[in-house]
Each structure stands twice: as structure tokens, then as C-alpha cells.
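This report goes through the strand pairing, ring contacts and charged pairs of one protein model. The sequence and structure come first.

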Amino acid sequence: MKRLLAIILASCMIFTFAACGNSKDKATVAEDEEEIMTPEEAAGEPTQQETLESIDRGTVEGTNYKNEWAGVTFAIPEGMTPLTADEMAKVLGQGNEQLAAGDEAAKQAMDTFVQNSYVPLFMINDVKDTSKLKIQYIAEIRTSAKTEEEYLTDTMAQIKETGLGYAFSDKIEEVKLGKYVYTTVTGTIESKNAQISYYVRKIDEGFLVLSVGYTKDRTEVAKQWIEAIV
């Protein structure tokens with residue numbers, strides 16, 4: 001199964017940091033969409049709607065985002081603002097638009113898949129310069145990966161295939177964020193002076209995916225934010 005979510009987020013990061021150079025071609029986008037569907041889903045059982053509705057989106061309370069279902073509390077640093085549900089959906093839509101490369105049918109197919117597969121929980125931007133720091137926390141409920149390492153290994157291979165320009169570290173590590181252990185890997189876009197780190201945790205419904213994209217001058221801000229997760 002294709003890691004469409006991670007590819008969308010990687011595309012969003014490049015779209016934010018600078019104009020994206022190479023998008024996936026239309027044939028590959030259509031091929032990925034076909035491969036994503038599982039036999040159970042094709043048979044119409046069970047519906048994804050019940051699972052989607054069971055996921056708590058969390059709440060913003062003062063300068064914190066809290067989500068008891070996911071077991072996390074994120075601080076909202078000064079100068080940053082959480083996106084609304086509509087704004088988060090728009091971010092994912094922009095990633096789809098980049099990947100579809102002008103193919104409206106492919107974009108519509110990806111939009112439908114995203115709506116039925118991903119629940120955006122939390123996104124924040126640096127309001128002083130939105131190109132420098134992006135944080136996105138999303139629940140993915142449709143995936144064939146069995147472990148976090150398998151998820152990330154697939155993610156790295158498939159992002160490399162897109163030609164988005166990422167070079168990933170060979171080191172997949174485990175790190176504790178708040179109460180839970182996440183599996184993490186970092187990719188670098190040297191031409192954009194930027195990095196994106198993925199943190200993945202397996203849950204009953206699928207995976208929680210935290211992506212933190214930042215230009216290198218914002219490395220310390222990103223590090224401090226990650227360390228403050230409880």
C-alpha cells in the first residue's frame with residue numbers, strides 16, 4: 001500500500017518552502033490510487049465512517065492542544081497558530097493538487113481517499129514566516145503496514161520515487177514523545193535548506209503520524225517544541 005499521506009505531507013513541505021519542481025506523473029498517481037484500496041474496502045466492509053467518527057480531534061485550550069484519545073498535549077509556541085479544521089483540509093488538498101499535476105480526475109480520487117482515510121488532528125504554522133516551520137499531526141486508518149519501521153521504510157522508498165528531492169537518513173530510531181514511544185526518521189532537502197522529520201506510532205485504528213518540517217534556521221525551535229510534548 002502506498003504511503004499517500006507521507007507523500008502528500010512531503011509535497012506540502014516543498015510547496016511551502018519553495019515552488020515544487022517535480023511532481024508525480026499522472027499515471028503514477030492513478031496507479032497509487034488503485035493500489036491503496038484493500039480487498040475488504042472494495043467489498044464494502046466495514047465502512048470507514050464509524051472509525052473516522054470515533055477519532056477525537058482534540059481541543060485547543062489556551063496555549064495548548066490536548067487530545068486524550070491520542071494521549072498528547074502540544075504546546076503552541078508564541079508566534080504560531082493552530083489551523084482550523086477547514087484550513088487543515090485545505091493543506092491536504094494542496095498536496096493532492098501538487099501530486100495530481102493537473103489531472104482533475106486523479107485529484108478527485110485522492111481527495112476522496114484522503115477524506116475517508118486521514119483525520120487531521122493538529123497543524124500549526126509560523127505566522128511570521130509560514131515557509132519556515134510546519135507541524136502536522138494526522139491519524140491514518142487505512143494502511144497495510146504492520147509496524148512503525150515498516151511504515152517509515154515504505155514511506156522513504158516511495159517519497160524517493162516521486163522525485164521531490166528528499167535524502168533520508170539511513171537511521172530509523174525510537175524516541176519517547178510525552179508518554180509514548182514513536183519511531184522516527186528525518187529527510188533533508190538540501191536545495192531548499194530544509195528538513196522534514198516523521199514520527200509514527202501504531203494504534204488500534206492504524207497509525208498516528210507527526211510530521212515536522214522546518215528550515216535549518218528553525219531547527220532549535222522545532223527541537224524545543226518536540227521536547228515539550230507531554
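Tyr-65 stands opposite Phe-74 in S3. The model in which this pairing is found is a predicted one. Strand S2, residues 64–67, pairs with S3 in the antiparallel sense, over 4 bridges. Both strands belong to an open sheet of 3 strands with antiparallel pairing, in the order S1-S2-S3. Strand S1 (59–61) and strand S3 (72–75) are its edge strands, each pairing on one side only. On average, and with direction ignored, neighbouring strands of this sheet are turned by 25° against each other.

Tyr-65 and Phe-74 also appear among the ring contacts: ring pairs link Tyr-65, Phe-74, Phe-122, Tyr-137 and Trp-225 into a cluster.

**Strands S6, S9, S10 and S11**

Tyr-137, a member of that ring cluster, lies on one side of S6 together with Leu-133, Ile-135 and Ala-139. Lys-134, Gln-136, Ile-138 and Glu-140 are on the other side, and the residues of both faces are all buried. The count for strand S6 (residues 133–140) is accordingly 8 buried residues of 8. In a regular strand the side chains alternate between the two faces of the sheet.

Strand S6 runs antiparallel to strand S11 (residues 206–215), and 8 bridges join the two. In this pairing Tyr-137 stands opposite Leu-210 in S11.

S11 is also joined to S10 by 10 bridges, again antiparallel. Here the bridge partner of Gln-195 is Tyr-214 in S11. The connection from S10 to S11 is a hairpin through 2 residues.

How many residues of strand S10 are buried? The number is 9 of the 10 in residues 194–203, so the rest of the structure largely encloses this strand. S10 runs antiparallel to strand S9 (residues 180–189) as well, with 7 bridges between them. Val-185 stands opposite Tyr-198 of S10. The hairpin of S9 and S10 has 4 residues between the strands, and Asn-193 in this hairpin takes a positive phi near 55°.

**Helix H7 and the ring contacts**

The whole structure contains 8 aromatic pairs. In one of them the ring centres of Tyr-151 and Phe-207 are 4.9 Å apart with the planes at 45°, so this pair is classed as tilted. The pair links distant parts of the chain, since Tyr-151 is in helix H7 (residues 148–162) and Phe-207 is in strand S11, 56 residues apart. Both Tyr-151 and Phe-207 are buried.

Does H7 place other residues in buried or exposed positions? Besides Tyr-151, its buried residues are Leu-152, Thr-155, Met-156, Gln-158, Ile-159 and Thr-162. The end C-alpha atoms of H7 are 21 Å apart, which agrees with the 21 Å that its 15 residues should span at 1.5 Å a residue. Just after H7, Gly-163 takes a positive phi of about 75°.

Phe-207 has a further contact, with a charged group: the charged end of Lys-202 sits over its ring, 5.3 Å from the centre. In another contact of this kind, Arg-201 lies over the face of Tyr-180, at 3.8 Å from the ring centre.

**Salt bridges**

Side chains of opposite charge can pair when their charged atoms come close. The structure holds 3 salt bridges, listed below.

| Residues | N to O distance |
|---|---|
| Lys-66 and Glu-61 | 3.7 Å |
| Asp-111 and Lys-107 | 2.7 Å |
| Glu-173 and Lys-171 | 3.3 Å |

Are the residues of the Asp-111 and Lys-107 pair buried or exposed? Asp-111 is buried, and Lys-107 is buried too. Both residues lie in helix H6 (residues 104–117), 4 residues apart, which is about one turn of the helix.

Lys-66 has a relative accessible area of 35% and is partly exposed. Its partner Glu-61 is likewise partly exposed, at 43%. In the remaining salt bridge, Glu-173 is partly exposed with a relative accessible area of 37%, whereas Lys-171 counts as exposed at 53% relative accessibility.

Methods
Residues numbered from 1 in each chain as written. Predicted model: local features only at pLDDT ≥ 70, side-chain atom pairs only at ≥ 80, totals over all residues. Heavy atoms only, no water. Pairing = 2+ DSSP bridges. Axes fitted to C-alpha atoms, helices over the stretch in contact; angles between N-to-C directions. Buried < 20%, exposed > 50% of the residue type's maximum accessible area, 1.4 Å probe, protein only. Phe/Tyr/Trp six-rings, centres within 6.5 Å; stacked < 30°, edge-to-face > 60°. Lys NZ or Arg CZ within 6 Å of the ring centre and 35° of its normal. Expected span 1.5 Å × (residues − 1). Salt bridge = Lys/Arg side-chain N within 4 Å of Asp/Glu carboxyl O.
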